[in-house]
Amino acid sequence: MELHAENENKVIIKPPITSIGIIGWMRENLFSTPFNTILTIIIVSVLWISIIPFVKWALINSSWLPDANCRGTGGACWSIISSNYKIILFGFYPQDILWRPVTAIVMLVSLLFISRNRNFWNAFLGYSWLISLMIMGLLLKGGVFGLEPVDIEKWGGIILTLLLSVFGLTAAYPLGIILALGRQSEMPVIKTFCIFYIELIRGVPLISLLFMSSVVFPLFLPEGVSINGILRAQVAIIMFTAAYIAEVVRGGLQGMNKGQFEAADSIGLNYVQTMRLIILPQALKIVIPPSVSVLISAFKDTSLVVIIGLYDLLKTTQTTLSEPKWMGFSAEAYIFIALIYFVCCFFMSTYSRKLEDELNTDLE
Amino acid sequence: MNKETSKKVDISSEDIVIQIVNMHKWFGDFHVLKNINLDVKKRERIVVCGPSGSGKSTLIRCINRLEEHQKGQIIVDGIELTKDLKNIEKVRSEVGMVFQHFNLFPHLTIVENLTIGPIWVRKTPKKEAEEIAMYYLEKVQIAEQAAKFPGQLSGGQQQRVAIARSLCMKPNIMLFDEATSALDPEMVKEVLDVMISLAQDGMTMVVVTHEMGFAKSVAHRVLFMDEGEIIEENSPDEFFNNPQNDRTKLFLSQILY
Ligand SMILES: Nc1ncnc2c1ncn2[C@@H]1O[C@H](COP(=O)(O)OP(=O)(O)OP(=O)(O)O)[C@@H](O)[C@H]1O
Ligand SMILES: [Mg+2]
């Protein structure tokens, strides 16, 4: 009754302090049962033991400035990065014109970010990609508009890694789809070829394909003809990744309900239309998670090109480490490139989850 | 729905739109369809019934070549069905088909489900295709759902969308394969009503159904199939009141009581 009278300034009854806020959360999640309490204590102590020395090493005792003397500090020597980042990131690309690859990479990353949003997917974005790719190529290669020419053999570091993976993945994906469709084909020649190709490629490691492309393949070329080493590695990566994508996509195709094919047939759509408009959009959606796994591991596998003497991110880092001044600081260098790889892979996997959510049409 | 008015739509011309001559079909060694002969005239409505596994679905799926026959002839709208893909696509675009399980495209909205045929097969401009789609959605009384996805509709609504999707191709012939069998009982009527109104508009229809009420009031002819053969063919009155064949009698006694 009294509450009723005090209607203007409502009486707000707060929940007991122990059930909300940080204390409430900890009670509920960390100490809810004796077993949970023990787990919490163990985990916290393990973290304590491992994190404290890491923080000391990485942040407190570390040296950051270029050319600092790291030896004997007991901390991390990030100077190896600040002194050598140009070599690590760009290999032997001439250091006075690094603005060119930097511009190209900024363009690429911005386009990738814009393309994340499906609302921007239109013809204009397609043309922007085409034109930007040409500009990036010109920037890197030079030789026109007074840009000093740079030999492709000198492209290294992150330029090479991005080049191999962006082109590798974008070419391998459609090729993989075609192989998957071919494997389901009713034409025996096409079907046999696709099965043979897929099984053959999946039966050998990428390294052996890279060796084939760099050592064996040139033997078959006519005298005087030579194909650039990067291009050969690129082709090997595309061929390799496509076979794996093909199998993933085949799984999606097999998961499709027969009724979808029949409905498409019964309104008179032809094979290409049926695949493009009805089947692939659904099948590819189902296989987003495994496709992204394949793409992520293909991205990381580009680092295998070191073995055929290409200077990708991993190789440029090793080059730096082989200098006497920086010997022994491999942990720092590898943490740095691991971070770069992680950021790229994380981008792919968050994007794939976003795409899955957007394409999810069976609400309810 | 009044029996007399529905039957008043006369078979005005004698044009035969579906002609099946001595047709056989095998699944491997299994002889599913045996010597089928059937003429369907323009505006005629045929109900096909028979026990499960008798080949009803296979028969009507042969009419738009979802199944291939191995012997005999099937001529639809003057086009003989052979391996010729162009002819098959032509026939399919003239013949609408409604499936037991709707088979809507789940990744497309309702209106996109309806426009995809006109746009890609008929090359209708998008705007016009959308107008056609809305017209048929009105007709099946579901226009307000146009922007939704199939997964958000009830079974009865999905089946009406599926009918509208076929109608958007302006077909000459509609095939129904147990269009109401997968529906909850309270949704059967809304779909049958749409089929009845199609009948009143003079659509040529071949309907596989267990809805004997529909057969009685709408069909011009009822076919009874068993073990891959058409064993009885009659007007609905004769068929239900005076069946000739013993197997028909048995079937009717099981289904009616
Ligand atoms: N793709 C196929 N391969 C092999 N046999 C099949 C295939 N499709 C159907 N059959 C067989 O052909 C026979 C006829 O099948 P059909 O689907 O035409 O029967 P139905 O009369 O439609 O039966 P229902 O009332 O159960 O739908 C059945 O025995 C079935 O098992
Ligand atoms: Mg059937």
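**Chains A and B: questions on a predicted model**

Guide: In chain A, 39% of the 364 residues are buried. Keep in mind that this is a predicted model.

Visitor: What makes a residue of chain A count as buried?

Guide: The cut-off is a relative accessible area under 20%. Of the 364 residues in chain A, 39% meet it. In chain B, 56% of the 257 residues are buried.

Visitor: How do you know whether chain B agrees with a compact globule or not?

Guide: Set the radius of gyration against the globule rule. For 257 residues the rule gives a value near 18 Å, and chain B has 18 Å, so the two agree. Along the principal axes, its C-alpha atoms fill a box of roughly 55 × 40 × 35 Å.

Visitor: What does the globule rule give for chain A, and what radius of gyration does chain A have?

Guide: For 364 residues a compact globule would come out near 21 Å, but chain A has 27 Å. The C-alpha trace of chain A spans about 100 × 75 × 45 Å along its principal axes.

Visitor: How is chain A divided, and how far apart are the centres of its domains?

Guide: Domain 1 of chain A covers 17-60. Domain 2 takes in 84-93 + 150-359. Their C-alpha centres lie 41 Å apart.

Visitor: Which secondary structure does each chain have?

Guide: Chain A has 15 helices and zero strands. Chain B comes to 10 helices and 10 strands.

Visitor: Why is B:Val76 called buried or exposed?

Guide: Its relative accessibility is 1%. Buried means under 20%, so B:Val76 counts as buried. B:Val76 is found in strand β4 (residues 71-76) of chain B. B:Leu223 is 147 residues away along the chain, and the two C-alpha atoms are separated by 19 Å.

Visitor: What about B:Gly202: buried or exposed?

Guide: B:Gly202 has a relative accessible area of 11%. The limit for buried is under 20%, therefore B:Gly202 is buried. B:Gly202 lies in a loop, between α7 (185-200) and β8 (204-208) of chain B. Its C-alpha atom and that of B:Lys42 are separated by 8.7 Å, with the two positions 160 residues apart along the chain.

Visitor: Why is B:Lys123 called buried or exposed?

Guide: The cut-off for exposed is over 50%. B:Lys123 has a relative accessible area of 59%, so B:Lys123 is exposed. B:Lys123 sits in the loop between α4 (110-120) and α5 (126-139) of chain B. Its phi is near 60°, a positive value in a residue other than glycine.

Visitor: And how do you know whether B:Gln141 is buried or exposed?

Guide: Relative accessibility is 61% for B:Gln141. Exposed means over 50%, so B:Gln141 counts as exposed. B:Gln141 lies in the loop between α5 and α6 (155-167) of chain B. Phi of B:Gln141 is positive too, near 60°, and the residue is not glycine.

Visitor: What makes a residue part of the shell around ligand 1?

Guide: One of its heavy atoms must lie within 4 Å of the ligand. Residues of chain B surround ligand 1, among them B:Phe27, B:Phe30, B:Val32, B:Pro51 and B:Glu178. The list also includes B:Ser52, B:Gly53, B:Ser54, B:Gly55, B:Lys56, B:Ser57 and B:Thr58. By class, the shell has four nonpolar, six polar and two charged residues.

Visitor: How do you know that ligand 1 has polar contacts?

Guide: A polar contact is a pair of N or O atoms within 3.5 Å. An oxygen atom of ligand 1 is 2.5 Å from a side-chain N or O atom of B:Ser57. For the side chain of B:Lys56 the distance is 2.8 Å. A backbone N or O atom of B:Ser54 lies 3.2 Å from an oxygen atom of the ligand. The protein covers 60% of the 630 Å² of accessible area that ligand 1 has on its own.

Visitor: Which element of chain B gives the most to the shell around ligand 1?

Guide: That is α2(B), with three residues. Both β2 (30-41) and α2 (56-63) of chain B supply at least two residues of the shell.

Visitor: What makes α2(B) mostly covered?

Guide: Seven of its eight residues are buried. They are B:Lys56, B:Thr58, B:Leu59, B:Ile60, B:Arg61, B:Cys62 and B:Ile63. After α2(B) comes B:Arg65, with a positive phi near 60°.

Conventions. Residues are numbered from 1 along each chain as its sequence is written. Chains are lettered from A and ligands numbered from 1 in the order in which they are written. This is a predicted model: local features need pLDDT of at least 70, side-chain atom pairs count only at pLDDT 80 or more; totals for chains, interfaces and linings use all residues. Side-chain values use heavy atoms; hydrogens and water are left out. Domain bounds come from an automatic or database domain assignment. A polar contact is a pair of N or O atoms within 3.5 Å; within protein, one must be able to donate a hydrogen and the other to accept it, and residues adjacent in sequence count only if both atoms are side-chain atoms. Accessible areas come from the Shrake-Rupley method with a 1.4 Å probe; for residues, only the protein chains shown count as cover. Helices (H or I, at least four residues) and strands (E, at least two) are DSSP runs, numbered from the N terminus. Ala, Val, Leu, Ile, Met, Phe, Trp, Tyr, Cys and Pro count as nonpolar, Asp, Glu, Lys and Arg as charged, and the others, Gly among them, as polar. The radius of gyration is taken over C-alpha atoms; the globule rule is 2.2 Å times the number of residues to the power 0.38. Buried means under 20% relative accessible area, exposed over 50%, partly exposed in between (1.4 Å probe, protein chains only).
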